[in-house]
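Reader: I have a chain to go through before I set up any calculations. Could we look at it together, one topic at a time?

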Amino acid sequence: QLGRKIVLQKGGKLHIYIILDASESVEKEDLERSRKCALDFMDKISSYEIDPKWGIVSFATKAEKIVDIVDNAIDISKAYDQLSKFDFSVHQEQSGTNIKEALDTVYKDMSFLKARMKNDFEEVRNVVLLITDGKKNMGGTPEDAVRQMRALLGITNPGHIREEFLDIYVFGVGEDIDEDEINLIASKKDKEKHVFKLENPKKLAETFEQMIDESDSVGLCGLYRESDKESESEKTKKEKYPWHVSITITRQSGKEDCKGAVVSERHVLTSAHCFTTEEQAKDVKVIIDDSTIGTPGRSTVKDVEQIYIHPKYNIAKKKAENIAEYYDYDVALIELKSDGIKPTILFSKQVRPICIPCTEQASGALRLDKKTTTCKQHRETLLSDLGTEDASFLTDKLDKKDVKIKLRKELKEQCYKDALKAPIYKDVPGIDWPDVVTDRFLCTGGTDPVIDDMTCKGDSGGSLFLEKKRRMFQVGVISWGNKNLCVGGRRQPTEKDSRDYHINLFEVQDFLRDKLGTNEPKDLNFIK
């Protein structure tokens, strides 16, 4: 178990220095991998809605500043752009590997910022990310520069109280790495790892998760575990899809299961058809395992305070027209019972909310301005009309299944028309597809342009979600399908005209706002 890592605190002061070895001993391909690693690290940090200061340096015989940390005009987008476009050929005629000069450049910037910031500098956490093969051949001993940094920050001995304000991580790059040298440069802290080998992108995601302490960010919507482990445990799967929960409804006829998504500390979003008009809150339970090491023994079975069904949902609305079931507005919110003391749902890496469109929380996740961004911009970002949008849903075993939401007119219309192939509709005389499918549905399934996965009965109420900017956004609630391709617990191959229909969250904003955005304190802050 690793201890303190890069602490990401909202409003905290964080200065990040990235140093890239561009010397002759680093192959061109490895240098590009180093650049990609640095850019990916910047993107990962940005997904937590914090705003660190960035300094980026490359070196061979001489050190070159790519991004100047003392320039107040530099933000993440400018820093990212400058690193993306930097031409490493400035080091072409340089045969040396001067790690110490690169570290000295960082030390001088730290000294300047300490003088400029005065007492505020004491609160700054400094992170240095050095990507090198460690083969210094000039300029002196890099450890001397490290000692100067430690002295500047008031770290007088190993284990000193101010150790947490400096972390030096070293990524070894290339086939031939001087491991002794990079181990001398990297920070040495109990139960923490500061030396890594630059490997494939999948391994990199896992490495960043080892480096980052996100305990102050677990309440941010849409965060999830990015890395895959070779043998995924149930815990790992929950960290990948931490919003997904099970709902059980007990009736005289037996138990029924639905799925749902955590959207706030006390609300779960699901489908309305999971419930009947006779349903009482006491008959419904939500299964959420939110116990942690620090707070063991929390009940996994959550009691329900109230079930809110969309006021326009009426499954029997068109019975007089021989339409037995009508699923328009098939959306519901469950409010969990609170004891008034602790959070109803305790957020952690295993349980946290998914982002709901048209909220300030989702604007932050999309890295858009929380005060000026509109709901229309969210729709354009998450569900553009260009053709299809890649999305996913989850099975009861927490396996991710991939689909394409049909958005372009002709694809969407064909998807809608196939609704009439459902057993409950196919023999009804004189009906057309608009009688059963409205614009409040998103449609997936079929084999065009690719073969989509299909939902099963027990998946109802779960989220139709997609990933943007390293965060997860729910765009739909799984409602119904026109074919049952799940026989005997097995999913059958998708057919050309098999379709699933999901309530589009952009089309039920009034309901969501009324239930989640009007009470004080607000569960979510909705935008227009």
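**Strands, cores and unusual backbone angles**

Author: Strand β3 is largely enclosed by the rest of the structure, because six of its seven residues are buried. Please keep in mind that this is a predicted model.

Reader: Which strand pairs with β3, and in which sense?

Author: Strand β2, residues 14–21, pairs with β3 in the parallel sense, over seven bridges. Within this pairing, Ile19 stands opposite Val57 of β3.

Reader: Is His15 buried or exposed?

Author: His15, a residue of strand β2, has a relative accessibility of 3%, so it counts as buried. Leaving aside neighbours within four places in sequence, its contacts are Lys53, Ile69, Leu113, Met117, Val124, Arg125, Asn126 and Val127.

Reader: What does UniProt list for residues 15–211?

Author: The unreviewed UniProt entry lists them as "domain: VWFA". In the model, this span is 39% helix and 19% strand, and its end C-alpha atoms lie 15 Å apart.

Reader: Let me step back to the whole protein. How many helices and strands does it have?

Author: The protein has eleven helices and 22 strands. Its C-alpha trace spans about 85 × 50 × 45 Å along the principal axes.

Reader: What share of the residues counts as buried?

Author: Of the 528 residues, 54% count as buried. The accessible surface of the protein comes to about 24300 Å², and carbon and sulfur atoms account for 47% of that area.

Reader: And what about contacts between residues 24 or more positions apart?

Author: Such pairs make up 70% of the contacts in the protein that have a separation of 6 or more.

Reader: Now the interior. Which residues have the most contacts inside the largest nonpolar core?

Author: They are Leu269, Val286, Ile288, Ile334, Val437, Trp480 and Leu512, in a core of 63 residues. Strand β14, residues 332–336, gives the most to this core, with four residues. Another core, of 40 residues, lies apart from it and includes Ile6, Ala38, Tyr48 and Met211.

Reader: What does Ile334 touch?

Author: Not counting residues up to four places away in sequence, Ile334 touches Ile247, Arg266, His267, Val268, Thr270, Phe275, Val284, Val286, Val304 and Gln306. One of these, Val286, is also named among the residues with the most contacts inside the 63-residue core.

Reader: On to backbone geometry. Which peptide bond is cis?

Author: The bond from Asp448 to Pro449 is cis, with omega near 10°. Pro449 lies in the loop between β17 (441–445) and β18 (463–468). As general background, most peptide bonds are trans.

Reader: Thr447 is found in that loop too. What is it in contact with?

Author: Leaving aside neighbours within four places in sequence, Thr447 is in contact with Thr494, Glu495 and Lys496. The C-alpha atoms of Thr447 and Lys496 are separated by 5.1 Å, although these residues are 49 residues apart along the chain. Thr447 has a relative accessibility of 30%, so it counts as partly exposed.

Reader: What is the sign of phi at Glu49?

Author: The phi of Glu49 is positive, near 60°, in a residue other than glycine. Most residues other than glycine have a negative phi. Glu49 lies in the loop between α1 (28–46) and β3 (53–59). Its relative accessibility is 16%, which means that Glu49 counts as buried.

Reader: And where is Tyr329?

Author: Tyr329 is in the loop between β13 (301–309) and β14. Its phi is positive as well, at about 60°, although it is not a glycine. With 12% relative accessibility, Tyr329 counts as buried.

Reader: Asn314 has its place in the loop between β13 and β14. Which backbone nitrogen lies 3.1 Å from a polar atom of its side chain?

Author: That is the backbone nitrogen of Ala316. Asn314 itself is partly exposed, with a relative accessible area of 38%.

Reader: Finally, what separates the C-alpha atoms of Asn314 and Ile50?

Author: They are separated by 44 Å, and the two residues are 264 residues apart along the chain.

Conventions
Residues numbered from 1 in each chain as written. Predicted model: local features only at pLDDT ≥ 70, side-chain atom pairs only at ≥ 80, totals over all residues. Heavy atoms only, no water. UniProt positions renumbered as here; feature names shortened; annotations may be inferred. Helix = DSSP H or I, 4+ residues; strand = E, 2+ residues; numbered from the N terminus. Core = buried A, V, L, I, M, F, W, Y, C linked by side-chain atoms within 4.5 Å. Buried < 20%, exposed > 50% of the residue type's maximum accessible area, 1.4 Å probe, protein only. Contact = heavy atoms within 4.5 Å. Polar contact = N/O pair within 3.5 Å; in protein donor to acceptor, adjacent residues only side chain to side chain. Areas by Shrake-Rupley, 256 points an atom, 1.4 Å probe, with all protein chains shown as cover. Pairing = 2+ DSSP bridges.
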